[in-house]
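Colleague: Could you take me through this model? I would like to begin with how the helices cross.

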Amino acid sequence: MRIAPTRVVRYVVLVLLLMFFLFPVYWMVITAFKTSDKWFTWPPTFIPWPFTLDSFLGRGEVYRTASLREVAPFLINSLGVSLITSALTIILATFTAYSISRFKTGGMRFLSWILSMRMLPPIAVGVPIYVIFYHFGILNTWLALILVYTVFTSSFGVWVLVSFFNDIPRELDESAYIDGCSPFQAFTKIILPISLPGIIAVFIISFTLCWGEFLLALLLTYDKAAQTIPVFIGRYITGFQIAWGPIAATGLVAMLPVTILTFIALRYLISGLTLGAVRG
Amino acid sequence: MIYISFFEYNLAAGGVQKFLGVQNYVKVLYDPIARGSVSFTVFITVMGVIIETLLGLLLALLVIGVKGERVMRLCFLIPMTIPMAVSGMIWRMLFNTTFGPINYFLSLFGISRISWMGDPFFAPLTILIVDIWQWTPFVFLILYAGLKSIPPVYIEAAMVDGADEWRLTRHIRLPMLRDLIMVVVLLRSIDLLKLFDSVYMITGGGPGTTTYTFSYLIYQVGFITGINLGYASALSVILLIAIMLLTTALIRILNVRRLLGG
């Protein structure tokens, strides 16, 4: 019975923190479903009743700005750029990581250098990249975003996969050699199938990163030919008048896919984010 | 290959400035906006790292072993998974002066409306709160995973020796987390030093230039107010050096050599 007070304190603190961390999400979700007369009220409306899908369908009278039809091109940009980048990432990262893991390619220097790429502040590379892409004439294209994103995503992809490959016993490679495989065959026939979960995780993580990236997309794109969803949201939010319902609906659409993906890849996300300092 | 070209280009940009003299670098010292942005960046980095680390650690210790651990774990992780642009949008609604729920909650305690994003005192706090909300879950996730990986034998042994919860934490859990806490602190410092998204989304650097972070300053100088790429590059180089120093420390701790198995 002596323990009871500390237990109570523990739960109270947890519940308070839970409210702090969840209330903003709750607020966005209900705002997305509120009817337009409930967006601006005092006291604020905490229960979205009656609820409506107007914000998603763009049926509001004044605020047509962020209906799904308007958002669609940006969603497609986000999806296209993220998918292609992630595909490139797994190709580059798997080969590089395997080579580092088994043949120590480049040694410490190379691996540290790859790590520093992950840490690079995007704004610092933003200026030179902007100038280069301007001369190549590829500003405001998918290609521009894909090129830059691949740099960032494949660097951490290598990190995740190096620790992943290190966990696969070397005896597997060796027995493949004995059976007459070349190093390349050993890689494709033995190692790749085993490391599929890790590779999928890298794909998901890099997808998430691209999806949420903001600064570089802001610098390198300027209209719906290539602009991604976060920039779209940013443009509306900094505008003069904000229609809360539609923008919250857009936010919800932009958030859901990555939130779900993150939970799926959580285990690997840990080693991706901490560069292998913790095994998930 | 693409990397190298960026890197050399960046250095080359530095070289071109030498051509103009080091004026751009000297200018940083005398530019009040740049100095303001440095102090704000340092403020947000120091405060953010301290609060997020402590809160994340507290959360990890509280959640482990509690009833409903799995559900709670997921709930606490949600903010981290939200794209920063979306979370900026959410908090802009919450902090809204006239209709925002936060001012409503405060009014229940008799506190009159606060202009969160327009007041030079509250605007930095706003940015800080949002960052704490978004990234404490990250710290929590890492430290929680760390706690989970402590072999139960240690805990059991200590309990046999009569250690209570407090002693378990103080003498076993914390020491075992030490390296991990260093990693978290460095990762958060590096990310906070380049903070941009939430400033852009929430305060736009305002009021005035109170919440300019270093990244936001570079963005303003380089892309918005008169495209001064020379000065922007000089600022970028400074940021780059600061981050490189932290990264070097990180590499030491991560023990890259171990990854190479030698």
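Modeller: First, a convention: a crossing is left-handed if the near helix is turned anticlockwise from the far one by less than a right angle, and right-handed if clockwise. This is a predicted model, in which local features need pLDDT of at least 70 and side-chain atom pairs count only at pLDDT 80 or more, whereas totals for chains, interfaces and linings use all residues. Residues are numbered from 1 along each chain as its sequence is written, and chains are lettered from A and ligands numbered from 1 in the order in which they are written.

Colleague: Then which hand does the crossing of helix 3 and helix 9 of chain B have?

Modeller: Helix 3 and helix 9 of chain B make a right-handed crossing. Helix 3 covers residues 32-63 and helix 9 residues 165-193, and their axes come within 10 Å and cross at roughly 145°. Axes are lines fitted to C-alpha atoms, for helices over the stretch in contact, with angles from 0 to 180 degrees between N-to-C directions.

Colleague: Which residues of the two helices meet there?

Modeller: From helix 3 of chain B come B:T41, B:I44, B:T45, B:G48, B:V49, B:E52, B:T53 and B:L61. Their partners in helix 9 of chain B are B:T169, B:I181, B:V184, B:V185, B:R188, B:S189, B:L192 and B:L193. Contact requires C-beta atoms, placed from the backbone, within 7 Å. This contact has eight nonpolar, six polar and two charged residues. Here Ala, Val, Leu, Ile, Met, Phe, Trp, Tyr, Cys and Pro count as nonpolar, Asp, Glu, Lys and Arg as charged, and the others, Gly among them, as polar.

Colleague: Stepping back, how many helices and strands does chain A have?

Modeller: Chain A has 13 helices and zero strands, and chain B likewise comes to 13 helices and zero strands. These are DSSP runs numbered from the N terminus, with H or I over at least four residues for helices and E over at least two for strands. Of the 280 residues in chain A, 48% are buried, and in chain B the figure is 42% of 262. Buried means 20 or more other C-beta atoms within 10 Å, exposed 12 or fewer, and partly exposed in between, with C-beta atoms placed from the backbone. Among contacts with a separation of 6 or more, residues 24 or more positions apart account for 74% in chain A and 72% in chain B.

Colleague: How many residues of chain A are in contact with chain B?

Modeller: There are 67 from chain A, which touch 69 of chain B. Helix 1 of chain A (residues 4-33) gives the most to the chain A side, with twelve residues. That side has 49 nonpolar, 15 polar and three charged residues.

Colleague: At what angle do helix 11 of chain A and helix 5 of chain B cross?

Modeller: Helix 11 of chain A (residues 229-237) and helix 5 of chain B (residues 84-94) cross at roughly 25°, with axes that come within 9 Å. Helix 11 of chain A is therefore roughly parallel to helix 5 of chain B, a term for angles under 35 degrees, with over 145 roughly antiparallel, 65 to 115 roughly perpendicular and the rest oblique. This crossing of helix 11 of chain A and helix 5 of chain B is left-handed. A:P230, A:I233, A:G234 and A:I237 meet B:A85, B:V86, B:G88, B:M89 and B:R92.

Colleague: Which residues have the most contacts inside the largest nonpolar core?

Modeller: They are A:L161, A:V202, A:I233, B:L143 and B:L235, in a core of 150 residues. Such a core is a set of buried Ala, Val, Leu, Ile, Met, Phe, Trp, Tyr and Cys residues joined through C-beta atoms within 7 Å. Helix 7 of chain B (residues 122-148) gives the most to this core, with 15 residues. Beyond its neighbours within four places in sequence, A:L161 is in contact with A:A93, A:T94, A:A97, A:G198 and A:V202.

Colleague: And B:I127, is that residue buried or exposed?

Modeller: B:I127 is buried, because 26 other C-beta atoms lie within 10 Å. B:I127 sits in helix 7 of chain B. Its C-alpha atom is separated by 7.5 Å from that of B:I202, 75 residues apart along the chain.

Colleague: Lastly, what is the phi of A:N140?

Modeller: A:N140 has a positive phi of about 60°, although it is not a glycine. A:N140 lies in the loop between helix 5 and helix 6 of chain A.
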